[in-house]
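Subject: Two-chain model for you to look over

Dear colleague,

I am passing on the structure we spoke about, with the sequence alongside. Could you please look through it before reading my notes underneath?

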Amino acid sequence: MKKKQGENPKIIVFCCNWSVNPGLRLSVFPDEEETTFKTIVTMCCGRVGPELILEAFTRGAWGVMLAGCPPEECEHDGNYKARKRVLLIKKTLEQFNIEPERVALEWFSTGESDKLKKSVETFIEKIVEYGPLELSS
Amino acid sequence: MAKPKVAFYWNASCGGCEEAVVDLAEDILKVVEAVDIIFWPVALDFKRSDIEAMDDGEIAVSFINGAIRTEEQEEMVKLLRRKSGLVVAFGSCAHIGGIPGLANFWNRDTIFERAYKEVPSVENPEGIFPRTETQLGNESLTLPEFHNTVRTLGQVIDVDYYLPGCAPPPESIMDAVTAILEGKLPEKGTVLAPDKSLCDTCPRTESKPEKISIKEIKRPHEITPDPEKCFLEEGIICLGPATRSGCGERCINANMPCRGCFGPITGVGDHGARSLSFIASILGLEDEKKMTEEDVQGLIDKIADPAGLFYMYSLPSSLLKRRKMV
Ligand code: SF4
Ligand code: SF4
């Protein structure tokens with residue numbers, strides 16, 4: 001389904017407090033008004049359980065991105081857990097007829113806010129193609 | 001003093017919950033002595049009109065099993081709700097959706113297509129499907145509407161207590177009945193089973209290593225599990241960590257892993273998502289740092305039907321509730 005006229009995509013980005021968030025605050029927040037995504041700061045991407053991702057969808061999110069530290073850079077090894085969970089949730093979402101691409105996990109080091117911005121933009125472009133997630137009742 | 005009136009009713013269920021009442025064996029005599037069973041379609045010949053003729057709140061407690069699939073079930077439970085002081089959702093299907101809730105991976109049209117056309121034992125060249133009204137000469141025959149989505153009892157009427165299990169074990173039925181008769185009831189909305197996880201009471205917990213790492217997923221028919229070992233240790237998915245205790249570890253004692261019929265422990269909003277989460281966490285845990293994305297995907301691919309497995313009993317009560325239909 002294509003984007004409906006006048007409807008802004010609703011994208012949630014869960015950002016790791018330790019690596020991604022500080023840079024992001026400097027680069028994105030000043031013009032937050034114009035961003036089509038909202039960030040939720042988490043203490044580690046490993047703390048973003050599948051329940052949170054599903055809840056975002058039931059509350060109208062079109063897509064959910066987890067921004068975590070690259071493999072060797074997480075102090076809590078949470079990113080390894082996040083990777084496994086995201087892959088398993090993608091497979092599960094397919095059975096719910098929900099495009100698995102609506103969930104993404106990307107790695108960013110401290111200071112890579114440009115890369116983050118680009119990734120988020122690419123993610124949004126793709127999600128706009130899918131349009132809002134209209135769950136059946 | 002008149003004995004309190006009790007009703008039993010069934011909806012989308014298998015009949016196992018009725019059997020569970022019969023399984024009370026001699027104890028059922030104690031129940032019959034203490035209460036007056038005024039409605040129980042499986043065993044007694046009372047009609048809907050008998051219930052309609054009663055005063056509101058006249059029934060002390062209705063034990064209602066089964067999920068809600070049809071218009072008739074919805075009407076009946078709304079009627080029983082009005083006539084009852086207390087409503088107990090009896091068994092997994094009423095509590096969290098149960099096995100009939102797995103039908104939420106389809107909808108009315110796809111279910112009718114399958115059941116009335118595609119199955120090899122059916123011949124239906126004219127494509128006749130059930131409908132709510134059929135004209136037969138001057139007569140009109142009616143059937144209740146078959147809803148698109150299966151709902152839990154609590155999604156349709158106000159429920160006072162939940163008695164979990166597929167089916168609830170006789171001991172917990174007796175405990176619930178006794179608590180009601182003695183007026184020793186917990187807070188409204190309580191699930192009448194211990195607030196601990198099945199792992200807490202599982203006989204295999206003791207030998208369970210502190211850290212489990214699943215190297216390879218196995219399905220129960222692929223190996224003969226060691227009856228002493230935690231299923232997870234052997235790579236068999238067991239939903240014990242997210243599931244409420246109280247069943248008497250029935251499946252575990254039959255050397256089968258838990259599939260979650262008692263529903264989630266308090267604080268877990270989505271039984272399936274929580275189960276998915278802990279399984280993903282321990283998948284290849286030992287080598288998780290060395291694994292590539294492909295390695296992880298390979299491990300995950302061994303879980304043939306994650307949605308059906310993690311939501312086996314709880315799909316209608318989950319966050320997504322059903323498959324998205326086009
Ligand atoms: S995971 Fe299953 S087998 Fe292992 S301790 Fe928990 S309930 Fe028992
Ligand atoms: S082991 Fe799990 S599936 Fe089996 S009866 Fe107990 S709660 Fe239900």
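What follows is what was found in it, beginning with the sheet of chain A and ending with the contact between the chains.

Please keep in mind throughout that this is a predicted model.

The sheet in chain A is an open one, made of 4 strands in the order E2-E1-E3-E4, and the pairing is parallel. Its edges are strand E2 (37-42) and strand E4 (103-107) of chain A, each of which pairs on one side only, and from one strand to the next the twist averages 20 degrees. Strand E1 (residues 11-16) of chain A is joined to E2(A) in the parallel sense over 6 bridges, and in this pair Cys16(A) stands opposite Thr42(A) of E2(A).

Two helices of chain A lie against these strands. Helix H2 (residues 50-58) of chain A lies across E1, strand E3 (63-68) and E4 of chain A, and runs at about 145 degrees to E3(A), while helix H4 (residues 113-130) of chain A lies across E1, E2, E3 and E4 of chain A, at about 160 degrees to E3(A).

One residue of strand E3 of chain A deserves a separate look, namely Leu66(A). With a relative accessible area of 1%, Leu66(A) falls under the 20% limit and therefore counts as buried. Leaving aside neighbours up to four places away in sequence, Leu66(A) touches Phe14(A), Cys45(A), Val48(A), Ile53(A), Ala82(A), Val86(A), Ala104(A), Leu105(A) and Glu106(A). The C-alpha atom of Leu66(A) is separated by 9.6 Å from that of Ile40(A), which is 26 residues apart from it along the chain.

Leu66(A) also leads to the question of the nonpolar interior: the largest nonpolar core has 84 residues, and Leu66(A) and Leu153(B) are the ones with the most contacts inside it. This core draws at least three residues from each of domain 1 (5-99 + 148-182) and domain 3 (198-317) of chain B. Apart from it lies another core, of 24 residues, which includes Trp40(B), Val88(B), Tyr161(B) and Leu163(B).

As for the contact between the chains, 27 residues of chain A and 40 residues of chain B take part. Together the two chains bury about 3,100 Å² between them, with 62% of it on carbon and sulfur atoms. On the side of chain A, Glu51(A), Lys84(A) and Phe96(A) supply 24% of the area buried against chain B, more than any other three residues of that chain.

With best wishes

Technical notes. Residues are numbered from 1 along each chain as its sequence is written. Chains are lettered from A and ligands numbered from 1 in the order in which they are written. This is a predicted model: local features need pLDDT of at least 70, side-chain atom pairs count only at pLDDT 80 or more; totals for chains, interfaces and linings use all residues. Side-chain values use heavy atoms; hydrogens and water are left out. A nonpolar core is a set of buried Ala, Val, Leu, Ile, Met, Phe, Trp, Tyr and Cys residues joined through side-chain atoms within 4.5 Å. Buried means under 20% relative accessible area, exposed over 50%, partly exposed in between (1.4 Å probe, protein chains only). Domain bounds come from an automatic or database domain assignment. Contact means heavy atoms within 4.5 Å. Two strands pair if DSSP finds at least two bridges between them. Axes are lines fitted to C-alpha atoms, for helices over the stretch in contact, and angles run from 0 to 180 degrees between N-to-C directions. Buried area is the accessible area (1.4 Å probe) that two parts lose on being put together, summed over both.
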